[in-house]
Amino acid sequence: GIHSDSHPRHAEELFCQFLERDPTLRQYSRGRFMYLHTWRNIADTPIMDDHLAVCDETSLVQPDDYITSDLYGDGYTIPQYRLDCRNANTHRWYYFSQMTRNEMLIFKQWDSDPCLPGRICFHTSFSDPNAPDNAPLRQSIECRGIAFFPDHEPNTCPLVPCLMPPSSTSPEPEASLFVPKLIKSARYFRAWPEDAKAWVQTELARGPAGVYNVAMALAQDRYNHHGLKYKEPALQSEVVRLLLLSEFGTVLQTEVKRLKRQSKTLKAKESPDPTWATPLRMAAMVALGFGLASAIHKRGN
């Protein structure tokens, strides 16, 4: 469907990741950045069907047309936008017909400058009703990258955690603010992704060491669900310490047990108990036999 590949939060996280992993890029920590998407045909024949269409963002109604959503992959979650169709009659779409492999489409996924129009590009593929029946299957490739503009004023780049000076204050007051959020998250364990639930159950079977590992994973906050991902390691460690002193472990174990009970109950409802299912089936067959015999007897009379 129609989507963007990014979101302001995801784009800024990606910017920070680039600079944290590559020290040579830290000279671009200020100014402006663009998250770019490139797309091209890789076949020897032109694209005849399933073209890539891009939308002119200046034709959208903001914020009405923007729907925030999550893209779930194997071990990751990316926030992005979907496009509402309520104002579809005003949207302007473009595509390039019969693109060859020496042509490339470049469009924005995010622009950090809030004063510019066209900061994000919705896109989708579509079937061409005029495509020939024997049109070859589309073969394409896409790549993404970041462009830096360090001389841009004013600065529109986010703060990079590894470039921030360490805090001189105790992390405990701030860490204590995150503990209730993480305990609340544990109370909604049933709503966690399936792979996360399976991992937590495996860890809890290890005892206190497993509870520590779960608390550490939440404090490191890989996808920044709780705002901890870019916090200082000292603060994350303090969050873990406070979690282990709290009811966190007990709450998590209680919710895991509740989920297991619910799963067993659901399976029991879906699978009839064979101790009563077989007699019930036999009784139904006997009743059916008597009914058939009675019908035959009446027809014979």
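This presentation covers the helices, one buried glutamine and the cysteines of the structure shown above.

The model is predicted, so local features need pLDDT of at least 70 and side-chain atom pairs count only at pLDDT 80 or more, while totals for chains, interfaces and linings use all residues. Residues are numbered from 1 along each chain as its sequence is written, and side-chain values use heavy atoms, with hydrogens and water left out.

I begin with helix 1, residues 8-21; helices here are DSSP runs of H or I of at least four residues, numbered from the N terminus. Its end C-alpha atoms are 20 Å apart, which agrees with the 20 Å expected for 14 residues at 1.5 Å a residue, the expected span being 1.5 Å times one less than the number of residues. Its buried residues include His10, Glu13 and Gln17, where buried means under 20% relative accessible area, exposed over 50%, and partly exposed in between, with a 1.4 Å probe and protein chains only.

Next, a helix pair. Trp199, Val200, Glu203 and Leu204 in helix 3 meet Gly210, Val211, Asn213, Val214 and Ala217 in helix 4, contact meaning heavy atoms within 4.5 Å.

Gln236 lies in helix 5, residues 233-245. Is Gln236 buried or exposed? Gln236 counts as buried because its relative accessibility is 10%. Apart from neighbours within four places in sequence, Gln236 is in contact with Ala219, Gln220, Leu228, Lys229 and Lys231.

Finally, the cysteines. The whole structure contains 0 disulfides, a disulfide being a pair of cysteine sulfur atoms within 2.5 Å. Cys85 counts as exposed at 62% relative accessibility, and Cys115 counts as exposed at 69%.

Key: Helices (H or I, at least four residues) and strands (E, at least two) are DSSP runs, numbered from the N terminus.
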